Amino acid sequence: MMLFKILFRNAFHNKLRSSLTILGIAVAILAFGLLRTVISSFYAGVEAASTMRLVTRNAISIIFPLPISYTEKIRQINGVKTVSYGNWFGGIYINERNFFPNFCVDPTTYFALYPEFVLDEAQKKSFLTDRKGAVAGRKLAAKYGWRAGDTITLKGTIYPGTWDFVLRAIYKGRDNTVDETQFFFHWAYLNEGVKRIWPGYADKVGFYMVGVTRPDIAPEVAFQIDESFKNSLAETLTETEKAFNLGFIAMSEAIVTAIQMVSFVVIFIIMAVVANTMAMTTRERTGDYAIMKTLGFGAKDIIILIFGEALVITFTGSLMGIVLTFPAAKIFSRELGTFFPVFLVSAKTIYMDIAAAFLIAFLAAIIPTHHAIRIRIADGLRRIG
Amino acid sequence: MAIPFSYSFRNLWKRRLTTILTVSGMTLVVFVFATVLMMAAGLQKTLVETGSPDNVVVVRKASSSEVMSTIERKAASIVEMLPEVAAGNRGQPMIAKECVVLIALKKKGAGQSSSHSNVVVRGIGTESMELRHQVRLTAGRMLRPGSSEVVVGNSIAKGFQGVGLQQTLTWGMRTWTVVGIFDAGNTGFSSEIWGDGDQVMQAFRRPVYSSLIFKLKSPDAFDAAKTAIENDPRFTLEARRETTYYRDQSRVMAKFLRILGLSLTIIFSTGAIIGAMITMYSAVANRTAEIGTLRALGFRRRNILLAFLVESLLLGFIGGCAGLFFASFMQFITISTVNFQTFSELAFKFTLTPGIILQSMIFALGMGLIGGVLPALRASRLKIVDALRAT
């Protein structure tokens, strides 16, 4: 018991140094936690994907459309429950900085496929009946101060011209993992406009969303869909929603890997700082250790003392860092909501924080402990710190 | 008289373990700082070198990349006849009418279907090679016009499956044979596949061009050409110099990398500064008696302040040099990722520029300075009598 008392006293003996070290650890753990959260928010779309949904797109690449006539052919395939479709619109609101994802979809089927988008019944009805109507996510509407009934104008990048919409409904996420920054409108409205400007491009969709009756038959259904359009002008590629979303992340893999690597670098930096603190502490206390050895304390007690001290310091810092991660993540998600629509600190991140703290304490204490154990009593006593 | 420089240096040497630990923290911070800046610089350099200032790119108004743009054949013929377009040695206009699409290809070394990436397929015209001096064929031969043959950029040949010489690709219900591999140096063209323009348009059922690239008769004819194209009521096209066009494509990505890099390094540098502070405070505490002696010998407060500041700047300097040393090895690495703006694959190298070296060194010395200021002030404020009394 007395050892523990000494250990705590030692840890806070040099107040300035201890508090600086603790501050450093807190900042590092905070940075580590935020970076891990950035990575997990990259994968948020994958986590949120349902196993009941398939995505069918043109096999050449996502920029090529599919004919609308595929709808009925896909619906005939065994195991298909709902077929919906849509296009990436890529419109700009006022200027390029105000980015948010905007799609045109077949409204009735699309919202049937996405039960996680919760709409008010009256609003939903007015959206479905108005061809110019649009639905925005709660966060998106809050960001630009939109209310139901407002007119919103988007400038088309793929489809030239300006397009007016009337916001009819605002959707809420069923839980906090749902992306609330998207914007949807009627596919028929876009198609009408396209017919006017480029008649040849009308009646095309960018992707089909296919709901299956049971998750376990999804691979079979995907195969069947691709098989029915083999050797046609527009061959299809059908994947589960999860695989489709993973494909997008794989494209920017280099960046995700870089962030991942950097998140470990911060742990190394703080390890160097803590190791430095421990080296200084033990150097100053060489005399103390020599006295303890004379009194009959063994190597084990000295190990407990030094490792304990490192643990006390790192854990105080880590705790502060972990606690600070939550408000920091809140600010982060408010400022960068357009890049990371879902920004939540996961339990896994917290576990990794704690593991990192253990690692720092352990590695930082090894060399100083080694020195402290090896020193001979006479040498230790002779040295004036 | 100032305290000699060697005093500061020897002090660092005396406490090697502490010095190494502090410096290694700073090294890592400078390494991250320099690497991220090198990434942004490399991306920008690649895209800027892709363009040439004599060339003009024409795309449909408001389309942010060639893939989104559509230009009717009629409009293309009108642009072709502009007096600002240079003439080639056979008198033909130096203009390439190109069709650009994206195809999904599988990356090398990845098994599952999810690791597709979007690769640019450019349907070229007869003048396309002439207009891009950076492009050289390194293996095989050039494609024959009017055939289902393609040539592949070296970054794509290296990074993707099934695009080696004599291998075949299938799109648009046709089989395309890879007959050559070209090297376009450090430019975006190295990440593209080139085929015959008319064949590509036919295969993808896209009866329109994506972009027109032409050479100016003289470099200052740009404004005249721009006015002529953008004021013509028969179409809605816009003209940009090729250099500007490609620089615009790197903007979002480079900005993203810079913001990421800066916010990371600001957080990280806190750790390194604290490390330096701990080291310097303990240096002052251990040397109290020594400082007293120096003051008794007649050294002034400012000499003491300076000596400790030099010591901590030295820490920063070593950290900066070591960080840059390691970062310079990153130049051998090429990374390939999707450019958010064009949604297509782009390979680029980490590039170390003199500006980055300067910024990194200033950053490293700044960390040393901030870490050392408070301890150095404490050292210089010590009273002689108290300091001498300390053991």
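Trainee: In this predicted model, which elements of chain B do the buried residues of α3(B) pack against?

Mentor: The buried residues of α3(B) pack against β1 (55-60), β2 (95-106), β9 (211-215), α7 (222-230) and β10 (237-241), which belong to chain B.

Trainee: Which residues of α3(B) are the buried ones, and what puts them on the same side of the helix?

Mentor: In helix α3 of chain B, which runs over residues 73-80, the buried residues are Ala75(B), Ala76(B) and Val79(B). Around the axis of α3(B) they span an arc of only 100°, and therefore they lie on the same side of it. The face turned away from that buried side carries Arg73(B), Lys74(B) and Ser77(B), which are exposed.

Trainee: What makes one face of α10(A) the place where its buried residues lie?

Mentor: The residues in question are Glu241(A), Phe244(A), Asn245(A), Gly247(A) and Met251(A), which are the buried residues of α10(A). Looking down the axis of α10(A), one finds them within an arc of 145°, so they line one face of the helix. What covers them includes α3 (44-48), β1 (53-58), β12 (236-240) and α11 of chain A, together with β3 (116-124) and β11 (334-339) of chain B.

Trainee: Ala243(A) is found in α10(A) too; why is it called partly exposed?

Mentor: Ala243(A) has 18 C-beta neighbours inside 10 Å, whereas a residue is called buried at 20 or more and exposed at 12 or fewer, so Ala243(A) counts as partly exposed. Its C-alpha lies 9.2 Å from that of Leu54(A), although the two residues are 189 positions apart in sequence.

Trainee: By the same count, is Asn10(A) buried or exposed, and how do you know?

Mentor: Asn10(A), which lies in helix α1 (residues 2-11) of chain A, has 20 other C-beta atoms within 10 Å; since 20 or more is what the term requires, Asn10(A) is buried.

Trainee: Which residues does Asn10(A) touch, if those up to four places away in sequence are not counted?

Mentor: Asn10(A) touches Leu305(A) and Glu309(A) on that basis. With Leu305(A) the C-alpha to C-alpha distance is 8.6 Å, while the separation in sequence is 295 residues.

Trainee: Why is α11(A) called oblique to α13(A)?

Mentor: Helix α11 (residues 253-284) and helix α13 (residues 299-335) of chain A pack at an angle of about 135°, and their axes are 11 Å apart. That angle makes α11(A) oblique to α13(A), because it is above the 65 to 115 range for roughly perpendicular, yet not over 145, where roughly antiparallel begins. The crossing of these two helices is right-handed. To the contact, α11(A) contributes Val274(A), Met278(A), Thr281(A) and Thr282(A), and α13(A) contributes Ile306(A), Glu309(A), Ala310(A), Ile313(A) and Thr314(A). By class, the residues of this contact are five nonpolar, three polar and one charged.

Trainee: What makes α2(A) and α13(A) oblique to each other?

Mentor: Here the angle is about 45°, with the axes 7 Å apart; roughly parallel would need an angle under 35 degrees, and roughly perpendicular would need one from 65 to 115, so α2(A) and α13(A) are oblique to each other. Their crossing is right-handed, and their contact has 14 nonpolar, ten polar and no charged residues.

Trainee: Which element gives the most to the side of chain A that touches chain B?

Mentor: The contact takes 40 residues from chain A and 45 residues from chain B. The elements of chain A that give two or more residues to it are α2 (15-42), α10 (241-251) and α11, and α11(A) gives the most, with 16 residues. This side of chain A has 28 nonpolar, eight polar and four charged residues.

Trainee: What is notable about the phi of Asp203(A), and why is this residue called partly exposed?

Mentor: Most residues other than glycine have a negative phi, whereas the phi of Asp203(A) is near 60°, a positive value. Asp203(A) sits in the loop between α8 (187-197) and β10 (204-205) of chain A. It has 13 C-beta neighbours inside 10 Å, and because exposed means 12 or fewer and buried means 20 or more, Asp203(A) counts as partly exposed.

Trainee: And is Asn231(A) buried or exposed?

Mentor: Asn231(A), in the loop between α9 (218-228) and β12 of chain A, has 6 other C-beta atoms within 10 Å, so it is exposed. Its phi, too, is positive, near 60°.

Notes
Residues numbered from 1 in each chain as written. Chains lettered and ligands numbered in written order. Predicted model: local features only at pLDDT ≥ 70, side-chain atom pairs only at ≥ 80, totals over all residues. Helix = DSSP H or I, 4+ residues; strand = E, 2+ residues; numbered from the N terminus. Arc of directions from axis to C-beta. Contact = placed C-beta atoms within 7 Å. Axes fitted to C-alpha atoms, helices over the stretch in contact; angles between N-to-C directions. Left-handed = near helix turned anticlockwise from the far one by under 90°. Nonpolar A, V, L, I, M, F, W, Y, C, P; charged D, E, K, R; others polar.
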